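Here is a walk through one protein model, from the overall fold down to a few residues. Have the sequence and the structure open as you read.

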Amino acid sequence: PLRLNGENADALRLTFSGPKRPPVGRIDRDFPLPPRRISLSTGKSYSSNLPTQAATYPDRTGRQLLDGITRSPGFSAYVGWHGVGRVEILFDFGPAGKEGGSVYFDEVLVHTRQDRSAAVNFPPDPLLFLSAGEFQPGIGDPAAFEVALPDKIKTEHLNVKSDYGVVRFAVKPPDKMDRMLFSSSLEAWLMISEFEFRRGGNPVPGNRFQYRFLTPPARTRSGYGDDGRLLTDGEGTDAWTASKVVGVNDGRPIEVIIDLGRTLTPSRATVWSFGGGVNGIYAPKSARVALSDDKVVWGDWYPVTIPALTEDRQSLVVLPCRAEFPGGKARYVKFEIQGARGWCMLSEISVD
């Protein structure tokens, strides 16, 4: 059902005002699975025993962007992103982040790469945000931090299609500097090998700096591995889209535990799966759901109803497999899905 302000609705009336009222009465459309669906579980974290996706160009040591290695012939020195809106990396300087302290700097160099043969491009609009106090990305007063704009990217020709590049930021840090955020959109692939800090032209050691990726590096799908977000991103698919599904074909029962963030009163859960037999994709054999407040003591299992269908290997059918548990209270919702044969595929799990 459609949900408005937390309430179920069967229809939506749109009223237009203007010089002339358009001839619109009622709009009806039955979506097997809406492209974007908001539920109690949307955006919530979960754990599972599904195969994971491995990063294509990961931060192999957790310190790769501060290890002093600015380039490599291939991409071994680089952390890479692809297929996201913006790349954001947050640096935390801790209590020493003040003028005269060990992390004070007036210049930041970001070492990057361009390779047209591999769809790797320089960052098109890089920015630095320097915090003058506690800073949470996307939250708070913009006046609480300063923005540094880059100079023109300095490049060094490597070959016909590839260049090394350095983005230079001349900065004037606040008296107290707690954090720094690097942000840029990307065109195809974005590769970064190193953040270099300087003061008066001299290097500032970054061994005490901490950083984390607000945008995780791009991942390569291993079979139909999970990225830890796909099943609760609200973007299931009503057609076959390989990048929107996870699954196994080794017969293991799939287990997924969703953390709703706090104790709520869910009454229904839906596991969006597929069946029909095309390409060896079959409906689950069975599924069940359990609820818990503490992730230790679980209530009774609730059966999940799997729609009946003829699996003649001629079609691929979206299967909303549902369980009802009226009056239930829980923070954690555990799903166990057992495949029948071949591939057992999931595109979304929603709790309402």
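## Ground rules and overall picture

Before we start, one term: two strands count as paired when DSSP finds at least two bridges between them. Strands 20 and 21 just meet that mark, because the cut-off is at least two bridges and these strands pair in the antiparallel sense over 2 bridges. Within that pairing, Val289 stands opposite Tyr302 in strand 21.

Keep in mind that this is a predicted model. The protein has 24 strands and 0 helices. Of its 352 residues, 42% count as buried. The exposed surface comes to about 18,600 Å², and carbon and sulfur atoms supply 50% of that. Among contacts with a separation of 6 or more, 79% are between residues 24 or more positions apart.

## The five-stranded sheet

The strand 20 and strand 21 pairing belongs to an open sheet of 5 strands, in the order 3-18-23-20-21 and with antiparallel pairing. Which strands stand at its edges? They are strand 3 (46-48) and strand 21 (302-303); each has a single partner strand, so one side of each is left without a neighbour in the sheet.

## The four-stranded sheet

Another open sheet has 4 strands, ordered 17-24-19-22, and here too the pairing is antiparallel. Its edges are strand 17 (246-248) and strand 22 (317-324), each with a single partner strand, so each has one side without a neighbour in the sheet. From one strand to the next, the twist averages 30 degrees.

Strand 24 (residues 344-351) is a good one to follow here. It pairs with strand 17 in the antiparallel sense over 3 bridges, with Val246 standing opposite Leu346. Strand 24 is also joined to strand 19 by 5 bridges, again running antiparallel, and Thr270 stands opposite Ser350 there. Is strand 24 largely enclosed or open to the outside, and why? It is largely enclosed by the rest of the structure, because 8 of its 8 residues are buried.

## Two nonpolar cores

The largest nonpolar core holds 30 residues, and those with the most contacts inside it are Leu231, Ile254, Val256, Ile258, Phe335 and Ile337. Strands 17, 18 (254-264), 19 (268-275), 20 (284-292), 22, 23 (330-339) and 24 each give two or more residues to this core. Strand 18 supplies the largest share, with 5 residues.

Leu231 is worth a click. Not counting residues up to four places away in sequence, Leu231 touches Tyr46, Leu50, Val246, Val256, Leu346, Ser347, Glu348 and Ile349. Two of those names have come up already: Val246 and Leu346 stand opposite each other in the pairing of strand 17 with strand 24.

There is also a second, separate core of 26 residues, which includes Met180, Phe195, Val204 and Tyr211.

## Aromatic rings

The count of aromatic pairs comes to 12. One of them is Tyr57 with Trp189, an edge-to-face pair at 5.5 Å centre to centre and 90 degrees between the planes. This pair links distant parts of the chain: Tyr57 sits in the loop between strand 4 (54-55) and strand 5 (79-82), Trp189 is in strand 13 (residues 189-199), and the two are 132 residues apart.

How do the partners fare for exposure? Tyr57 is partly exposed, with a relative accessible area of 22%. Trp189 counts as buried at 17% relative accessibility, because the cut-off for buried is under 20%.

Ring pairs also build a cluster from Trp81, Phe91, Phe105, Phe182, Phe195, Phe197, Phe209, Tyr211 and Phe213. Phe195 and Tyr211 from this cluster are among the residues of the second core too.

## A loop to finish on

Val278 lies in the loop between strand 19 and strand 20. What does Val278 contact, leaving aside its neighbours within four places in sequence? The list is Arg313, Gln314, Ser315 and Leu316. The C-alpha atom of Val278 is separated by 9.9 Å from that of Trp343, 65 residues apart along the chain.

Technical notes: Residues are numbered from 1 along each chain as its sequence is written. This is a predicted model: local features need pLDDT of at least 70, side-chain atom pairs count only at pLDDT 80 or more; totals for chains, interfaces and linings use all residues. Side-chain values use heavy atoms; hydrogens and water are left out. Buried means under 20% relative accessible area, exposed over 50%, partly exposed in between (1.4 Å probe, protein chains only). Contact means heavy atoms within 4.5 Å. Accessible areas come from the Shrake-Rupley method with a 1.4 Å probe; for residues, only the protein chains shown count as cover. Axes are lines fitted to C-alpha atoms, for helices over the stretch in contact, and angles run from 0 to 180 degrees between N-to-C directions. A nonpolar core is a set of buried Ala, Val, Leu, Ile, Met, Phe, Trp, Tyr and Cys residues joined through side-chain atoms within 4.5 Å. Rings of Phe, Tyr and Trp (its six-membered ring) pair if their centres lie within 6.5 Å; planes under 30 degrees apart count as stacked, over 60 as edge-to-face and the rest as tilted.
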